[in-house]
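Student: Could you walk me through the surroundings of one bound ligand in detail? I'd like the contacts, the cover and the make-up of the shell.

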Amino acid sequence: GSAATHIQRNPAYSELNSDDVSYFKTILGNNGVVQDEDRIAVANVDWMGKYRGASQLLLLPKSTVEVSKILSYCNTRRLAVVPQGGNTGLVGGSVPVYDEVIISLAGMDKIISFDNVNGILTCEAGCVLENLSTFVEKEGFIMPLDLGAKGSCHIGGNISTNAGGLRFIRYGSLHGNVLGLEVVLADGTVLDMLTTLRKDNTGYDLKHLFIGSEGSLGVVTKISVLTPAKLPSTNVAFLSCNDYTSCQKLLLAARRNLGEILSAFEFMDHNCIDLAMRHLEGVQNPLPASQSKFYVLIETTGSDESYDKTKLEAFLLSSMENGLVADGVIAQDISQASNFWRIREGISEASVKVGAVYKYDLSIPVEKLYDIVEEMRCRLGNNAEVLGYGHLGDGNLHLNILSSKYDDNTLAQIEPFVYEWTSAQRGSISAEHGLGLMKAEKIHYSKAPEAVQLMASIKKLLDSNSILNPYKVLPQSVL
Ligand code: FAD
Ligand code: 2HG
Ligand code: ZN
């Protein structure tokens with residue numbers, strides 16, 4: 001593929017033969033065993049069109065028992081597999097590298113139960129996030145996470161990547177919101193950790209190993225998740241700031257003055273707005289006259305319509321008076337609010353329309369977070385367009401570098417510089433997207449050797465033949 005890996009195919013894995021295919025048909029039926037070239041082609045390539053595998057088989061299990069039978073067989077036969085959810089991952093983790101069998105969870109999309117007293121949803125891993133949102137909202141609750149990929153990503157994929165997203169600042173990480181999981185291990189063992197308890201300190205909390213393990217330790221088949229109450233009043237403001245320091249101060253001011261109603265604080269530079277206006281259909285620039293370099297989207301969610309609105313208006317006014325905000329608007333209706341959100345959520349979509357995009361997803365102390373964007377612009381000059389945006393409230397920068405095509409010279413100007421720089425700040429080279437194939441060999445920039453060794457020991461314990469998502473997450477040297 002275009003982002004060719006330098007890792008060789010591991011010869012310890014068997015090659016698929018017709019007996020294997022026949023066996024899979026006996027457990028999944030003909031419809032669960034996909035060999036159609038067009039459908040396989042779609043599953044072989046990632047959302048950016050950057051990572052491309054050469055799998056010849058896509059399996060569509062309908063139940064945990066079927067997943068268990070598939071894995072048990074693959075483990076005995078030494079057939080490597082890649083679990084796939086909505087295939088929206090951004091680090092090449094969800095597609096095969098060579099001929100791994102693709103196990104798609106798309107056929108496991110049932111809601112199992114909803115406890116509408118405690119707000120606890122239990123469902124299968126292949127449920128699309130947006131469908132779950134629609135479902136729980138009818139019951140007066142919301143999903144604790146939201147992201148631009150909601151229309152395609154699966155809850156199982158979200159859990160496997162420990163997705164952050166747009167509500168993290170308010171509701172925190174999936175490590176806090178996921179109450180239980182059912183996972184199938186590499187040898188087919190079904191691990192039932194599907195509790196719905198808030199508190200349970202009986203031994204090691206094993207589910208956390210699977211949250212964020214990117215399909216390398218097991219296949220997540222069922223989930224129970226805590227959903228917060230849906231509150232009646234939401235307001236969204238779109239603001240501009242003249243310098244980065246003002247954005248930082250505005251974040252602190254928002255935390256102090258908006259307090260418990262603050263539900264999003266998203267940041268984008270002028271280049272992002274520019275890109276969105278060029279490539280997203282039907283969006284309007286909320287501040288067309290602004291010459292500012294920085295933009296912030298603030299959302300509040302609370303229980304009192306008039307109080308919440310007054311609070312946000314007063315905050316905007318005082319922030320303009322004290323000079324932190326250059327200009328700003330509060331959405332007057334749902335369509336304006338969704339236009340604001342569409343700009344922020346659409347940056348990813350716009351970024352892949354230019355040609356090639358190099359994406360970095362960094363945790364950096366907020367004070368330093370924009371420095372890397374400016375340094376990158378200096379390094380690359382006119383060779384590329386550099387965008388900085390992200391979840392400022394969480395200290396998470398999305399650094400996107402756009403150029404007309406992928407080439408090794410551009411890459412050599414970006415890497416390892418970006419990783420070294422981040423490591424020197426004691427930041428993370430993956431705030432929320434994971435390591436996947438892209439960063440498996442880079443883990444040492446963010447983790448101590450002893451920690452990587454322990455991860456490798458856990459991997460060997462749970463997947464002794466290393467059939468699950470090979471070449472991803474951990475460096476080849478420790479396996
Ligand atoms: P996939 O892409 O199919 O898989 C991702 C990884 O999880 C792979 O390693 C795969 O092997 C593994 N996996 C999937 N399902 C399972 C399973 N059931 N069991 C075991 N392993 C599994 N990410 C964020 O964190 N925050 C964001 O705000 C955000 N916004 C995005 C916006 C857009 C437009 C896009 C395209 C992506 C965005 N992402 C974001 C990245 C991505 O959407 C998330 O990582 C998402 O959680 C992946 O879910 P998925 O179902 O598409 O998983
Ligand atoms: C977002 O916050 C996503 O929009 C995607 O995490 C970021 O595409 C990216 O780099
Ligand atoms: Zn993000």
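Tutor: Sure, let's take ligand 2: around it sit Leu 90, Arg 344, Ser 348, Lys 359, Tyr 389, His 391, His 398, Asn 400, Glu 432 and His 433, where a residue is near a molecule if one of its heavy atoms lies within 4 Å of it. Keep in mind that this is a predicted model, with local features needing pLDDT of at least 70, side-chain atom pairs counting only at pLDDT 80 or more, and totals for chains, interfaces and linings using all residues. Residues are numbered from 1 along each chain as its sequence is written, chains are lettered from A and ligands numbered from 1 in the order in which they are written, and side-chain values use heavy atoms, with hydrogens and water left out.

Now the polar contacts (pairs of N or O atoms within 3.5 Å). The side chain of Ser 348 puts an N or O atom 2.5 Å from an oxygen atom of ligand 2. For Lys 359, the side-chain distance to a ligand 2 oxygen is 2.6 Å, and for the side chain of Asn 400 it is 3.0 Å. On its own, ligand 2 has 300 Å² of accessible area, and the protein covers 88% of that (Shrake-Rupley method, 1.4 Å probe).

As for secondary structure, strands E15 (385-391) and E16 (396-403) each bring at least two residues to this shell; strands here are DSSP runs of at least two residues, numbered from the N terminus. By class, the shell has 2 nonpolar, 5 polar and 3 charged residues, with Ala, Val, Leu, Ile, Met, Phe, Trp, Tyr, Cys and Pro as nonpolar, Asp, Glu, Lys and Arg as charged, and the others, Gly among them, as polar.

Terms used:
Polar contact = N/O pair within 3.5 Å; in protein donor to acceptor, adjacent residues only side chain to side chain. Helix = DSSP H or I, 4+ residues; strand = E, 2+ residues; numbered from the N terminus.
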